[in-house]
Amino acid sequence: MTSTPTTRRWALLAMSVGVFCIQLDAFALNLALPQIGRDLHAGGASLQWVTSAYLLSTGTLMLGAGRLGDLFGRRRLLILGLAVFGASSLVCALAPALHVLVGARVVQGAGAAMVMPVGLSLLTNVYPGELRGRATGRALGIGGIATACGPFIGSALTDAVSWRAVFWLNVPLAALGAAWASRTAESYDTSVPRRVDWRGLATATAALVTLTVVVDRGRHWQWPVILAGLAAAAALLTWFVRLERVAASPLVELTLFRNGPYVALTLAGAVANTATVMFLFVVPLTLQGQWDLSVAVAGIAFLAPALAMALAGPIAGRVPPAAAVRVMTVCLGAGALALACLARASSLDVYLIAATAGGAVLGTANSLTLVATQGVIRPERAGEASGVTKTVITVAAGLGVALAGAVADQKRGVGSEAASDTALQITTLGCTATCVVLAVWLGAHERQRQDACPADHEAYSLRR
């Protein structure tokens, strides 16, 4: 099947539904955990695995899933991912015990790991270059709605029906997405043999499992255990690089990391994603804590930041790849300013204005990471590139959750003024430092370009 406007539309709809479900399930259950514990007669730290199991599974499997889509068909992997996600959501909805729910969440994360990088690479390959960014931005905008509103959707469904309703919602949506995906065009990487680097895949997965477990659970461990985990992850990643250097068909071409704009956007996106997770954790709870709003009123108050974050996806899709790093630098600088204003807001109105601005710029930075990295790589290896990018920013999201938990006030939660200020200050410093590094890199990159083309630069100066 060839790519036509109709088949492209089916691909966009399938990806949009998939992103919505995946992002909703990443954020919708945090406030529902106490009710899940009561219903399943579970409690303590084990309840956190309802969220952690999903995030860990998603983060560790994206790298391999992206490249498998390149090799064996992006449409095929997207359909499979949506089917796995929908089926595991059904098991989650019917789970009679916590261990069943956690196991189903692991499988659900595996489905999500296929949908995200494969869906992005499918859009990259079925849309022409001039429309590619806009299509990806629209899909990510739909995901932005689920990201921003997930906690309130989850709490509303839990209060009105049951926490199981979150999973029941996924079943028809995933089925619809799979049906739409089946009507789009297939695409492969035809530049290499269809051979899987199984040793590289196993090593990379083991390294990512180790790293994400340390990031997610490290705050509950002693420092010697944390350092041992980080050392093991570093050793596995080093071994992975050695394997990729000699592999005939590597899982990840190491030349990808010589692509300066790709690396800059991915690392900056990791910081932006960490800041976004912190933002989504701090702001809703601060509205209920420091500003003393009810859950319902806080949800209404947060609609403006949520809408700004959702609209950021289409905006990011219109940024040309050549300007992506500059726009990312501006977004991180503006994000740092908005977060600093949140920590010093003297009234609720000022707080909501700063939160709306923060949602807009952080949402743009996050969407730009996924849109722009697809614009600076070869389309035939789009799954590989999106898998690497999504893996990096997902692990960063886990770091954001860990940081939020680490600075939370144990008695009143992160919504208390002291705890939320600490969280925001840490995030502001991270955004500011990354903004400065990107600005320095841009300056050095521009000087190198001018030195490489002195004649062109001289002609340009004479024309002026």
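In this predicted model, the chain holds 7 salt bridges. One of them joins the side chains of Arg105 and Asp25, with a nitrogen-to-oxygen distance of 3.6 Å. This pair links distant parts of the chain, since Arg105 belongs to helix H5 (residues 98-126) and Asp25 to helix H1 (residues 5-27), 80 residues apart. Arg105 has a relative accessible area of 0% and is therefore buried. Asp25 also counts as buried, because its relative accessibility is 0%.

Another salt bridge connects Arg326 with Glu446, where the closest N and O atoms are 3.8 Å apart. Here too distant parts of the chain are linked: Arg326 lies in helix H13 (residues 324-344) and Glu446 in helix H16 (residues 417-452), with their positions 120 residues apart. Arg326 is partly exposed, because its relative accessible area is 44%. Glu446, at 23% relative accessibility, is likewise classed as partly exposed, as the buried class requires a value under 20%.

A third salt bridge is formed within one helix. The side chains of Asp70 and Arg67 meet at 3.0 Å, N to O. Both residues lie in helix H3 (residues 49-72), where they are 3 residues apart, about one turn of the helix. Asp70 is buried because its relative accessible area is 0%, and Arg67 counts as buried at 4% relative accessibility.

This pair also belongs to a wider arrangement, for Arg67, Asp70, Arg74 and Asp189 are linked in a network of salt bridges. Where in the chain is Asp189 placed? Asp189 lies in the loop between helix H7 (164-181) and helix H8 (198-217). With a relative accessible area of 2%, Asp189 is buried. Its side chain makes a polar contact with the side chain of Arg67 at 3.0 Å. When neighbours within four places in sequence are set aside, the residues in contact with Asp189 are Arg67, Asp70, Arg74, Glu380 and Arg381.

Ser386 offers another view of a buried position. Ser386 is placed in helix H15 (residues 382-407), and its relative accessible area is 2%, so Ser386 is buried. Apart from neighbours within four places in sequence, Ser386 is in contact with Pro117, Leu120, Ser121 and Gln374.

The nonpolar residues may be considered next. In soluble globular proteins, nonpolar side chains tend to be buried together. The largest nonpolar core of this model contains 87 residues, and Phe279, Leu287, Phe302 and Leu342 have the most contacts inside it. Helix H10 (residues 260-288) gives the most to this core, contributing 12 residues. A second core, separate from this one, has 22 residues and includes Ala32, Val50, Leu98 and Val102. Returning to Leu342, the residues that Leu342 touches are Phe279, Val283, Tyr351, Ala354, Ala355 and Leu424, with residues up to four places away in sequence not counted.

Nonpolar residues also occur on the surface. Leu90, Leu94 and Trp168 form a nonpolar patch there, with about 290 Å² of accessible area together. Within this patch, is Leu94 buried or exposed? Leu94 counts as exposed because its relative accessibility is 53%, and the limit for this class is over 50%. Leu94 is found in helix H4, which covers residues 74-94.

Technical notes. Residues numbered from 1 in each chain as written. Predicted model: local features only at pLDDT ≥ 70, side-chain atom pairs only at ≥ 80, totals over all residues. Heavy atoms only, no water. Helix = DSSP H or I, 4+ residues; strand = E, 2+ residues; numbered from the N terminus. Buried < 20%, exposed > 50% of the residue type's maximum accessible area, 1.4 Å probe, protein only. Polar contact = N/O pair within 3.5 Å; in protein donor to acceptor, adjacent residues only side chain to side chain. Contact = heavy atoms within 4.5 Å. Patch = residues over 30% accessible without salt bridge, like charges linked within 9 Å, V, L, I, M, F, W, Y side chains within 5 Å. Areas by Shrake-Rupley, 256 points an atom, 1.4 Å probe, with all protein chains shown as cover. Salt bridge = Lys/Arg side-chain N within 4 Å of Asp/Glu carboxyl O. Core = buried A, V, L, I, M, F, W, Y, C linked by side-chain atoms within 4.5 Å.
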